Each structure stands twice: as C-alpha cells, then as structure tokens.
Amino acid sequence: MKAIFPGSFDPLTNGHLDLISRSLTFLDELIIAVMVNPDKKGFLPAQERARLIKTACREKGLTRFRVLTDSGLLADLAKREGCFQVIKGIRNAADLESESAMARANALLLPGLETIFLPAGGETMDISSSLIRQIAAFGGDVSHFVPPCVEKVLKERLHKNNV
Ligand code: PNS
C-alpha cells in the first residue's frame with residue numbers, strides 16, 4: 001500500500017519525521033507532498049522544504065519515500081498518483097476537528113480517498129513548525145525539535161537577517 005503525506009513542512013520537524021518513519025512501518029511507499037496551505041504565509045521556498053525532507057529522511061536511514069512539491073489540490077494529486085490513502089498526524093482535539101473536515105472535503109472531491117489519522121508521538125506532540133520558526137527567530141535552541149539539516153538552515157537564515 002502507498003499513501004500521501006501532505007503538509008506545509010515549513011520547516012520539517014521531528015514530529016513530521018516521526019510520522020514518516022512510523023507510516024513506513026506499514027506502507028510500501030510514502031509520497032511526501034510539500035503543498036500550499038492558503039492560510040499560512042510561506043517561510044522557506046517549497047524546493048528548499050523538499051530538499052530538507054529528503055536530506056533528513058536519508059540521514060535517518062529511511063527508504064521507500066518520494067518527495068514532491070505541488071501547488072494544486074490534494075485530491076487532484078492523489079488522482080494523478082493513483083493513490084487513495086492520505087496520512088495525517090493528529091496532535092490534539094483542534095487538529096482532529098480541522099483534519100476531519102478536510103478529510104471529508106477530500107473524499108467528496110475524490111470518492112474513495114481515505115484519510116488515515118496517526119496520533120502524534122508523545123515526545124513530539126507539542127511541536128509545530130510555527131513554534132519552531134518563532135524560537136529560531138528569537139535565537140533559541142531548536143535542536144530538540146528539528147533534524148540537524150533544518151537547524152542549520154534556520155541558523156543561516158537567522159544570521160542573514162541579523163547582518
Ligand atoms: O502542514 P499543514 O499546513 O497543516 O498542511 C495543510 C495542507 C497543505 C495539507 C492543506 O492545506 C492542503 O491539502 N493543501 C492543498 C490544497 C487543498 O487540497 N486544499 C483543500 C483541502 S480540503
């Protein structure tokens with residue numbers, strides 16, 4: 001079975017990585033899709049987010065994943081890929097509510113498209129990309145929350161903005 005794991009990944013966090021590696025324990029292939037969330041202002045360019053996902057997954061020894069960027073609808077991507085399973089991580093009740101609405105909308109757009117919810121891992125359940133961007137912007141240590149390649153990029157960006 002293959003599935004799509006869509007998200008903004010702006011940037012990838014250890015929470016995302018945990019979901020990716022857990023999904024690959026029961027999937028043959030995972031398509032990690034960097035997509036556009038119109039409610040969020042972009043931080044890193046999509047190609048950079050995709051590069052970081054590839055690097056971090058390889059550094060973790062993961063295989064059987066593919067990373068792509070797409071600026072359209074998830075339902076259209078799923079149809080093109082012939083992939084009718086979507087993986088989403090759930091951290092709390094608010095996530096469950098918003099992700100359930102999205103899952104229903106996606107299933108209406110593409111009948112048969114199922115969304116599989118995975119609970120966020122205990123250690124990563126409070127991590128969000130926006131929290132990490134904020135910690136990094138104030139010069140805080142993000143090494144507990146993101147893989148080393150992401151930490152490096154955040155530090156470089158911060159340095160660039162300070163000079
Ligand atoms: O990491 P995020 O920001 O929670 O991911 C949300 C994302 C990018 C998966 C969602 O906004 C999305 O699916 N965007 C693609 C456009 C789309 O299909 N929107 C309708 C969803 S019902």
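Q: Which element gives the largest share of the lining of the largest pocket, and how many residues does it supply?

A: This is a predicted model. In it, α4 provides seven residues of that lining, the largest share. The largest pocket has 37 lining residues in total, and those nearest its centre are G7, S8, N37, K40 and E99. Two or more lining residues come from each of β1, α1 (14-23), β4 (85-90), α4 and α5 (129-137).

Q: What is the volume of the largest pocket, and how do its lining residues divide by class?

A: The volume is about 980 Å³. The lining consists of 15 nonpolar, 14 polar and eight charged residues.

Q: Where does the ligand sit, and which residues come nearest to it?

A: To place a ligand, one asks whether more than half of its atoms lie within 2 Å of the grid points of a pocket. Here the ligand sits in the largest pocket. Around the ligand there are 14 residues, and S8, V36, N37, K40 and L74 come nearest. N37, K40 and S8 are also among the residues nearest the centre of the largest pocket.

Q: Which elements supply at least two residues of the shell around the ligand, and what classes of residue make up that shell?

A: The elements are β1 (2-7) and α4 (93-109). Helix α4 gives three residues, the largest share of the shell. By class, the shell holds seven nonpolar, five polar and two charged residues.

Q: How far are N or O atoms of V36, N37 and K40 from atoms of the ligand?

A: A polar contact is read from a pair of N or O atoms within 3.5 Å. For V36, a backbone N or O atom is 3.0 Å from a ligand nitrogen atom. For N37, a side-chain N or O atom lies 2.8 Å from an oxygen atom of the ligand. For K40, the distance between a side-chain N or O atom and a ligand oxygen atom is 2.6 Å. As for cover, the ligand taken alone exposes 540 Å², and the protein buries 81% of that area.

Q: How much space lies in the second largest pocket, and which residues are closest to its centre?

A: The second largest pocket holds about 150 Å³ of space. It is lined by 13 residues, with M35, V36, N37, G42 and R49 closest to the centre. The lining of this second pocket comprises four nonpolar, four polar and five charged residues. V36 and N37 also belong to the residues that come nearest the ligand.

Q: What should a reader look for in the backbone of the loop between β1 and α1, where F9 lies?

A: Most peptide bonds are trans, and most residues other than glycine have a negative phi. In this loop, F9 has a positive phi, near 50°, although F9 is not glycine. P11 is found in the loop between β1 and α1 too. The peptide bond that joins D10 and P11 is cis, with omega about 5°.

Key:
Residues are numbered from 1 along each chain as its sequence is written. This is a predicted model: local features need pLDDT of at least 70, side-chain atom pairs count only at pLDDT 80 or more; totals for chains, interfaces and linings use all residues. Side-chain values use heavy atoms; hydrogens and water are left out. A residue is near a molecule or strand if one of its heavy atoms lies within 4 Å of it. A polar contact is a pair of N or O atoms within 3.5 Å; within protein, one must be able to donate a hydrogen and the other to accept it, and residues adjacent in sequence count only if both atoms are side-chain atoms. Accessible areas come from the Shrake-Rupley method with a 1.4 Å probe; for residues, only the protein chains shown count as cover. On a 1 Å grid over the protein atoms alone, a cavity is a set of points where a 1.4 Å probe fits but cannot get out, and a pocket is an open set with protein on both sides within 12 Å along at least five of seven lines; lining residues have an atom within 4 Å of a point. Helices (H or I, at least four residues) and strands (E, at least two) are DSSP runs, numbered from the N terminus. Ala, Val, Leu, Ile, Met, Phe, Trp, Tyr, Cys and Pro count as nonpolar, Asp, Glu, Lys and Arg as charged, and the others, Gly among them, as polar. Grid points are joined across faces, edges and corners, and a volume is the space filled by probe spheres set on the points.
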